[in-house]
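Got the viewer ready? Let's take a walk through this one together.

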Amino acid sequence: MTVKQAEPEQLFEPTRRSATATPRARFWLRFRRHKMAMASMIFLAIVALLALAAPYVTQHPPEKIHSGLTRAAPSAEHILGGDVAGRDVWSRVVYGGRVSLSVGLVAVSISILIALILGSLSGYYGGAVDMAIMRVTDVMMVFPLLILIMTVVSVLGPSIYNVMAVIGLLGWPTSARLVRGQILSVREWDFVMAARCLGVQDRNIMFKHILPHVLAPLLVAATFGVASAILTEAGLSFLGLGVLPPTPSWGNMLNGAQSIYILERHWWIWVPPGMAILLTVLAINFMGDGLRDAFDPRMSLD
Amino acid sequence: MSTYILRRILLVFPLLLGVTIINYTIFALAPGDPLSAMIDPLELNSMTEEDVREAKEALGLNKPIPVRYLLWLSQAIRGNLGYSIWFNTPVFDVMLRALGNSMPVMIFALMTSTIAGIALGIVSALKPYSLLDSVLTTFAFAGVAVPGFFFALLLIYAVAIRMDLLPTGGVTTPGLEPSFGDRLAHIILPGLALAYETTGSLLRYTRSSLLEVLSQDYMTTARAKGLVERIVVLRHGLRNALLPIITILGLRLPFLFGGAVLIETVFNYPGVGLTMVQAANMRDYPLMMGGVLLTAILVLLSNLIADLFYTVADPRIRYEEG
Amino acid sequence: MQSSESNSFSRRNFLKGSAIAAAGGLLAACTQTAAPAGEAPAADEAAMESDRMGGTLVFGYPQKTSYQDLLAMEHNAGNRRYYLVGLTHNCLVNISADYTTWLPELAESWDFEGNDATFNLRQGVKWHDGEPFTSADVEFTIGRLVGHPNVNQWNGVRHFKGIIEGMTEFSEGEADAVTGISAPDDHTIVFHMTNPYRAAFLEKLLNFPIMPKHLLSQYPEDQWGIDEQGQQGLKNTPYAKQQGIGTGPFKVSNYIPDQIVEYEPFDDYWGGKPQLDKLAFVPYTDQLAMAAAVEKGECHIAIRTPQSEYERFQAMEHVDIVLNHGPSAFAWYHNLRYVLNDKRVRQGLSLALDREQIAKDFFFGTVEGAKAPLWYGDYGISPDSAKWYEYNPEKARQLLEEGGWDFDYTFRLGMSSLSATYEPLYAMLREMWDAVGVKTEFHVMAAEYTNILNNPPHDFDTLFSGYGWGLTPGGFIHNFTDPRWGDVDEQGVSMIDELILVEDPEALREGALRLQEYAADLQRHCVIAQVPGIHVINKRVQSGSVVPVYGPRTNWIDWVNVYMEA
């Protein structure tokens, strides 16, 4: 990823050092080593801050039409110019970030929650429960996700909530498998066996001993999930099945790029949302990569 | 091994049934009716309520949903997916024609991305943490991060319009005699647009799995035996690192179908993706259901084939099961 | 005079032709299109054959969705079938590009006497399969196909119900045949009407291409209807799926739904064999794809190109642009059963809209803002003049207050979908209404569109829709009768009932003006702008005497004489 010397001495150095530190400190040590992940995290923090502070960093409401601003070039008053309807592009990018990020976060929270529940039931109880849940998972994984999401959204009607819900409700199978697999391996570990022998309740074993070990890989999966949910929203909006205007989202703002005229002469209409998606998704992926490496010492060679 | 294969094949049937049930559940949620999207707003103005009622009745939209589903399923089992309301043609025919257009693009995309992804992944892994590695990694990540339709729009603008190298869309050039060259010319741009994301993931996968393999003991042994580094990598490392790629390629199909939805729209390329977008716009339920079902079956089969290949290719599985 | 006129026009390119058509007005339009109708001398035909230019022409049109089949029993404004069927089929009559003159097509002449209309059919016309065209085909098309109770043509029979005697009874299954149609001989067809309709009847005929009896009567009538799977029998026939045989200048050579329709010239076309070697119709689902194909010369004639590309097309040297807006517009329909009962409120909402700004910003200056509910030379009236169409926010506010508008109420704007293309338009409208204190909210009906539209209580305050009207005042009648937009307006209906029978152009013009004033004052609907028709034509496309127009027929492209310059 980053430019580094591949000398074995140096490579193993942090791991050796980290052997003595607490798990959290070890995690941070490894994560900080990942320069792109660190940079990405800072970038994402800025994006998130801008989105949260949207009313304070913009001068114009995102849905307000200014006369004479239709496709107008950037100026001191409107630093990223105006869009096809004469709205301030900077405001729309910032508010659009709110929408796109929340679509990503909400959708992933839904699918992670489902994955956690189904995966845990499946992994912990095994047998018929496992069998049933896993077969449903298998079936769900067979559907091409975007086609399925598109179909369901078009059946329900496009709206920001439907998009969030549908991406979330259909996106859980991969994570559910991950949770199950993780639980299957953790429950064989000695300390779980020991807890069982000591008569600790199922629920306690689950929540106190097993789940913490599941959360790390799940967090990594969730990170990548947010990235792909943002892309899915963009695609759906492009097809007119996503977040409905005038509410801005990075996806529906990109619709401006459907015109060669705008592509050629009005870069400020499509470059900002395009770059916002590209950089945010890129940063999320780098961060996910960093998290994975930091959580999983085996991967730290990468 | 044969019991494993048999079990694997038998597993397909319950999965298939599950697919139709989920498919049904989704469409049971549908409000309204496809008729609404079938009438030109201009025509609608002049339709009386009675016209609309008649039109609905004529389309069989007044029957209860479970009845409609059972009708559909009983036909589907016999290989008849019903008729597309909009096309007035069997769904199967519509999808088959669309698939005939999509397949060459997907195969092109799969081949391009496999070759490019693996080759660049090896380059990346041989010189980890070099400048080249960083460039390639960024390239790979960008492939995963750029919205496919956006990349496709830029490709059309740059390659088709500015450089004037390839056609902007469609399947063939109208009026020309059908030829391989003409077909290929129309496949390259959508194929590349579709391939980018897969290339990125394969590059990342090849790189990390090769790096992992290269650090294994047997590689050290091979090196210790005095084998040249390149041979070590290619003979021992690559083989082991790339075996799982068979499975990965098998699992790419759903993503390709998903990508095709957007990319075929941009390229006006009448394949599965575009057909599904139109079905969604028209709320042509039989076509939507049939399309979802058929793509799911294709994915199921491609997973099965990938699994079987893998079983044959990887000796470890044979021993386990034997 | 007619034939020499036609020959002198035939070699000119589209734009010259269009300029002349526009300038020459009534007479020129009449002679240009009428002339190629089989009157060219034989020697001329031979000469044309020797220097036939040929070539392949690709015709692109924007289409989010597919067309159904080749069996289009009627034309429909705004419908792709329009263009497709215009190539392969003919109607009895045609109309000039400026909507002023009726032209002969399959009928060479016609004659009205009392309630009867007699059409003398062109002789020697052949179907693409070589069979002769006769009055039996007309009798079959209008007398059986259009009105048959089994055939579910949503729009079709409506045109003739109550106009041709016995059509209502036949379409409702109460009679075995339409009593009001007779064919005294092979080349004469007579319609018995309920009133002395003239232009209004000819206009109805424009909607119906004549279909071949010898092919379609092969399919039993009891199978024309809808089967268990919702299939209309006729649309599942080889005729609809492959043949599409008509009497028009081109015949279908290859048809792949949603992808392409290819045509080849019909050697025995009554108007002479077309010049082109091949003609392909390609639907474009994406507007960028269409614009790109035009720019690269992959698509030679593109109709209804996106207005956003207008400026770029203007800068291109290899294309000509024809701005041609037919009688269709974007409009808001008011649901008079709710908050819009007071006329002053509706007038206020109309005055609040700055149509010129919308035309400039949203339509990229390719259309003008609406100035009246009727338009540009419709029925010969001027586009200006109607009240309640100027921009006047102060007066708008005042009228809204006088009309008792509740400024706390959120006005619901219904629409079928919120497509990216029209979103800026909606945003602008909302902003303008907001400026006079009317709060608005979009109500996207999506899949529920038809349900909401057709089942009371209609769940919208005002509805955005495309809107088209007929060539005679009769086409305007739904503005006064449609139940979705309030109770029937008796005065409007009676005005139209009177006008529909008027023949004197001056009297028609005056009547139409009164109609326009009345409709503008009533404001049951509020027109924004015309649907922009920006047609782009590659300069390699040569000869056609008249431009393609977004109107009832495509035959204004002189398909017979068009060829591609090498």
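Here is a short tour, starting with how far to trust the model.

## Confidence

This is a predicted model, where local features need pLDDT of at least 70 and side-chain atom pairs count only at pLDDT 80 or more, while totals for chains, interfaces and linings use all residues. Residues are numbered from 1 along each chain as its sequence is written, and chains are lettered from A and ligands numbered from 1 in the order in which they are written.

The predictor gives the complex an ipTM of 0.81 and a pTM of 0.81. Chain C averages a pLDDT (the predictor's confidence in each residue, from 0 to 100) of 77. Over residues 1-50 of chain C, pLDDT stays under 50. Where pLDDT is low, don't read the predicted coordinates in detail.

## Where C meets A

Here, 22 residues of chain C are in contact (C-beta atoms, placed from the backbone, within 7 Å) with 17 residues of chain A. Helix 15 of chain C (helices are DSSP runs of H or I, at least four residues, numbered from the N terminus) gives the most to this side of chain C, with five residues.

## A bent helix

Now find helix 7 of chain B, residues 91-126. Its 36 residues should span 52 Å at 1.5 Å a residue (times one less than the number of residues), and its end C-alpha atoms are 49 Å apart, which agrees. Helix 7 of chain B bends (the angle between axes fitted to the seven residues ending at a residue and the seven starting there) by about 30 degrees at B:Ser102, and B:Pro104 follows within four residues.

Note on methods. Contact = placed C-beta atoms within 7 Å. Helix = DSSP H or I, 4+ residues; strand = E, 2+ residues; numbered from the N terminus.
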